[in-house]
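The report below is written to be read beside the sequence and the coordinates. It takes one helix as its starting point and works outward from there.

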Amino acid sequence: MADTLPNDDNPDWSGLDPAPLDYAAKLKATRTRLSLSQDSFSALLHIPRSTLQNWEQRRTEPDAFAQTMIDVIYDDPEGMAERLKRRLVA
């Protein structure tokens, strides 16, 4: 009888279309992937730490330019981090 019941412990998620990440989630995911603190990540982005905190905690929303930059950084975190670090040294 157990063979006829669906396996609820392992559902088929292949047809699921997840909701896109918002900017707070993209920032947190990128910062985690790069293993950076809020202080280090905000310095890399040339923004105040309080701004990054507000965005990550959804208290404020980035403007259109910042949203575009977050999308670009999220798509290639390691490459963008290298480019931004080179700017800091120059």
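## Helix 4 and its surroundings

In helix 4, the buried residues are Ala 66, Gln 67, Ile 70 and Ile 73. Viewed down the axis of helix 4, these buried residues fall within an arc of 125°, and so they line one face of the helix. An α-helix has 3.6 residues a turn, so residues three or four places apart point the same way. On the other side of helix 4, Ala 64, Phe 65 and Asp 75 are exposed. The model is a predicted one, and every value in this report is to be read with that in mind.

The length of helix 4 can be checked against its residue count: at 1.5 Å a residue, its twelve residues (64-75) should span 16 Å, and the end C-alpha atoms are 17 Å apart, which agrees. At the N-terminal end, helix 4 is capped by Asp 63, which has a side-chain oxygen 3.3 Å from the backbone nitrogen of Phe 65.

Tyr 74 also belongs to helix 4, and with a relative accessible area of 29% it counts as partly exposed, because that value lies between the 20% and 50% cut-offs. Leaving out residues up to four places away in sequence, Tyr 74 touches Leu 21, Lys 26, Ala 29 and Thr 30. Beyond helix 4, Asp 76 is found in the loop that leads to helix 5 (77-89), and Asp 76 is likewise partly exposed, at 33% relative accessibility.

Two C-alpha separations relate this part of the chain to residues that lie many places away in sequence.

| Residue pair | Separation in sequence | C-alpha to C-alpha distance |
|---|---|---|
| Tyr 74 and Ala 25 | 49 residues | 10.0 Å |
| Asp 76 and Thr 30 | 46 residues | 9.0 Å |

## The overall fold

The protein has five helices and zero strands, and read along the sequence it follows the pattern α-α-α-α-α. Of the 90 residues in the protein, 28% are buried. Among contacts between residues at least 6 apart in sequence, 56% join residues at least 24 apart.

## Helices 2 and 3

How do the axes of helix 2 and helix 3 cross? The axes of helix 2 (residues 38-45) and helix 3 (residues 49-56) come within 8 Å and cross at roughly 110°, and the two helices are therefore roughly perpendicular to each other. Helix 2 contributes Gln 38, Asp 39, Phe 41 and Ser 42 to this contact, while helix 3 contributes Arg 49, Leu 52, Gln 53 and Glu 56.

The buried residues of helix 2 are Gln 38, Phe 41, Ser 42, Leu 44 and Leu 45. Down the axis of helix 2 these residues fall within an arc of 155°, so they line one face of that helix. In helix 3, the buried residues are Leu 52, Gln 53, Trp 55 and Glu 56. Seen down the axis of helix 3, they fall within an arc of 165°, so they too line one face. These buried residues of helix 3 pack against helix 1 (23-33), helix 2 and helix 4.

A positive phi of about 60° is found just after each of these two helices: His 46 takes it just after helix 2, and Arg 58 takes it just after helix 3.

## Glu 56 and Arg 31

Which residues does Glu 56 touch, not counting residues up to four places away in sequence? They are Ala 24, Leu 27, Lys 28, Arg 31 and Gln 38. Glu 56 lies in helix 3 and counts as buried, because its 2% relative accessibility is under the 20% cut-off. The side chain of Glu 56 makes a polar contact with the side chain of Gln 38, at 2.8 Å.

Arg 31 is placed in helix 1, and at 17% relative accessibility it also counts as buried. Apart from its neighbours within four places in sequence, Arg 31 is in contact with Leu 36, Ser 37, Gln 38, Phe 41, Leu 52 and Glu 56. Among these partners, Gln 38 and Phe 41 are buried residues of helix 2, while Leu 52 and Glu 56 are buried residues of helix 3.

How values were computed:
Residues numbered from 1 in each chain as written. Predicted model: local features only at pLDDT ≥ 70, side-chain atom pairs only at ≥ 80, totals over all residues. Heavy atoms only, no water. Helix = DSSP H or I, 4+ residues; strand = E, 2+ residues; numbered from the N terminus. Expected span 1.5 Å × (residues − 1). Buried < 20%, exposed > 50% of the residue type's maximum accessible area, 1.4 Å probe, protein only. Arc of directions from axis to C-beta. Polar contact = N/O pair within 3.5 Å; in protein donor to acceptor, adjacent residues only side chain to side chain. Axes fitted to C-alpha atoms, helices over the stretch in contact; angles between N-to-C directions. Parallel < 35°, antiparallel > 145°, perpendicular 65-115°, else oblique. Contact = heavy atoms within 4.5 Å.
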